[in-house]
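The exercises below ask you to work through a structure one feature at a time. Please look at the sequence and the model first, and then compare your own reading with each solution.

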Amino acid sequence: MDQKNIVILGSTGSIGEQALEIIREHPEQFRIIALTCNSNWQKLADQVEEFNPKYALLCDEESVSALRDRLGNVQTEILVGTDELPDLATLDDADIILNSLVGFAGFRPTVEALRAGKKVALANKESLVVGGGLINELIKDKRGWLVPIDSEHSAMLQCLVGEPRERIEKLVITASGGPFRTWTKEEMRDITVEDALNHPNWSMGDKITIDSATMMNKGLEIIEAHWLFDMPLSKIEAVVHPQSIIHSVVTFTDGSSKAQLGPPTMKVPILYALTYPNRYILDAPRLDWQTAFDLTFEPVDYDKFKCIQLAIEAAEEGGLAPAILNAANEVAVDRFLNKEITYIDIPGIIETCLNDLNHNETISLDSLKNIDLKARRLAQTI
Ligand code: NAD
Ligand code: MG
């Protein structure tokens, strides 16, 4: 395999750091040419010193002098401000843009990278949630392509290799069920931020950890799968699988199902996105087939986890509804983390935004940006 030049957008986050761990193990395969972060300039400085990229971008302008002082006269060009993200997403010599930004902030870089015909390794599921239709049009027109990093979508992609698309009957997305799977609705009234951040199987950034606790994450993933695999929503279902060993399942029209399995680590899907359609070597845990273990399944409790239901309804509604859902959710999660609202307030805020804002405008970059702003403003006030 030729050495690939990689840009990591959001390199200081959970996915970004795990991607760098893989790249550290395989310097002959991958070379980092640009790294970005929002505000954690100390971590960015450590990464710049280790990986010597051509560019490093700090989105938060306030700490740039601290970063420059710390780095002295390294060869890396230091850039500042969110406006630079699209430039790094389209660098001429980049082979792969790994988008591990969180939230709507990741959307425009995905769009620009695809416009430039790049391969995008996509962790930022929100890109597809808000603008999946627009993204698919760009892929058709401009030769860019997307490979998912999300473990469920990586699992489905792995199951689909060599299979005829028209023979897919169902995509079955597994969900751990999060920390509150066995809690009663009564108990869920008293959920604290600390409870919600305590995910049973995965260690991730705060936003996706809360999304997993409300099961909004699974709703976002259903929308992500809908666009990524061009499948109608009626052919996608979620199932709770608390062990997080089966990462998803594809059922075909002859009744056969294929699943992808492995111990829960994001390193496998990150590496697969970088090497697809090939595979490479990874020093990660293996399943131990000689020790007894259980794989269990339960239906999703849509009444207890209203967020997943809201996401499915917004996807069915189409238009700008998923973008409203996404923006309202980002604000609600933020407010919950800041202890301004409780866990059980989250779906109510999202539902009010969906009911009160107009979804029917034509989808464009501008209309998506506008509705994102409007939904954010409204969600702050509820
Ligand atoms: P994180 O919060 O740990 O990291 C986010 C990164 O983006 C950081 O480097 C941060 O500096 C940067 N960033 C945040 N806001 C920004 C902004 N407004 N402008 C510019 N940069 C910004 O998040 P994460 O857990 O790594 O998740 C990243 C994405 O991957 C999310 O879309 C998430 O849903 C998805 N994902 C994560 C996991 C996981 O295991 N963490 C699994 C599947 C999918
Ligand atoms: Mg996932």
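For angles between helices, under 35 degrees counts as roughly parallel, over 145 as roughly antiparallel, 65 to 115 as roughly perpendicular and the rest as oblique. The model is predicted, with local features requiring pLDDT of at least 70, side-chain atom pairs counting only at pLDDT 80 or more, and totals for chains, interfaces and linings using all residues. Residues are numbered from 1 along each chain as its sequence is written, chains are lettered from A and ligands numbered from 1 in the order in which they are written, and side-chain values use heavy atoms, with hydrogens and water left out.

**Exercise 1.** Determine how helix α1 and helix α11 cross, and which residues meet there.

Helices (H or I, at least four residues) and strands (E, at least two) are DSSP runs numbered from the N terminus. Axes are lines fitted to C-alpha atoms, for helices over the stretch in contact, and angles run from 0 to 180 degrees between N-to-C directions. The axes of α1 (residues 14-25) and α11 (residues 267-275) come within 10 Å and cross at roughly 65°; the two helices are therefore roughly perpendicular to each other. The next step is the handedness, which is right-handed, meaning that the near helix is turned clockwise from the far one by less than a right angle, whereas an anticlockwise turn would be left-handed. Finally, with contact taken as heavy atoms within 4.5 Å, Ile15, Gln18, Ala19, Glu21, Ile22 and Glu25 of α1 meet Lys267, Ile270 and Leu271 of α11.

**Exercise 2.** Describe the order and pairing of the sheet that contains β1, and place a helix on it.

Two strands pair if DSSP finds at least two bridges between them. On that basis 7 strands form an open sheet in the order β4-β3-β2-β1-β5-β6-β7, with parallel pairing. Its edge strands are β4 (77-80) and β7 (145-148), each of which pairs on one side only, and neighbouring strands are turned by 20° against each other on average, direction ignored. Within the sheet, 4 bridges join β2 (residues 30-37) to β3 (residues 55-58), and Thr36 has Leu57 in β3 as its bridge partner. Helix α3 (residues 64-71) packs on this sheet, where it touches β3 and β4, and its direction makes about 170° with that of β4.

**Exercise 3.** Work out which strands stand at the edges of the sheet that has the order β9-β8-β10-β11.

This open sheet is formed by 4 strands, and its pairing is mixed. β9 (236-240) and β11 (257-261) each have a single partner strand, so one side of each is left without a neighbour in the sheet. Further inside the order, β8 (residues 168-175) and β10 (residues 246-252) run antiparallel and are joined by 4 bridges, with Lys170 standing opposite Thr251 in β10.

**Exercise 4.** Which protein donors does the magnesium ion (ligand 2) have, and how are they spaced along the chain?

Donors are N, O and S atoms within 2.8 Å of the metal (3.2 Å for Na, K and Ca), and water is not among the atoms, so sites may look incomplete. The protein donors are Asp150 (OD), Glu152 (OE) and Glu221 (OE), lying 2.1 to 2.3 Å from the ion, and they follow the spacing D-x1-E-x68-E. Glu152 lies in helix α7 (residues 151-160) and Glu221 in helix α10 (residues 216-228), so the pair ties together parts that are 69 residues apart in sequence.
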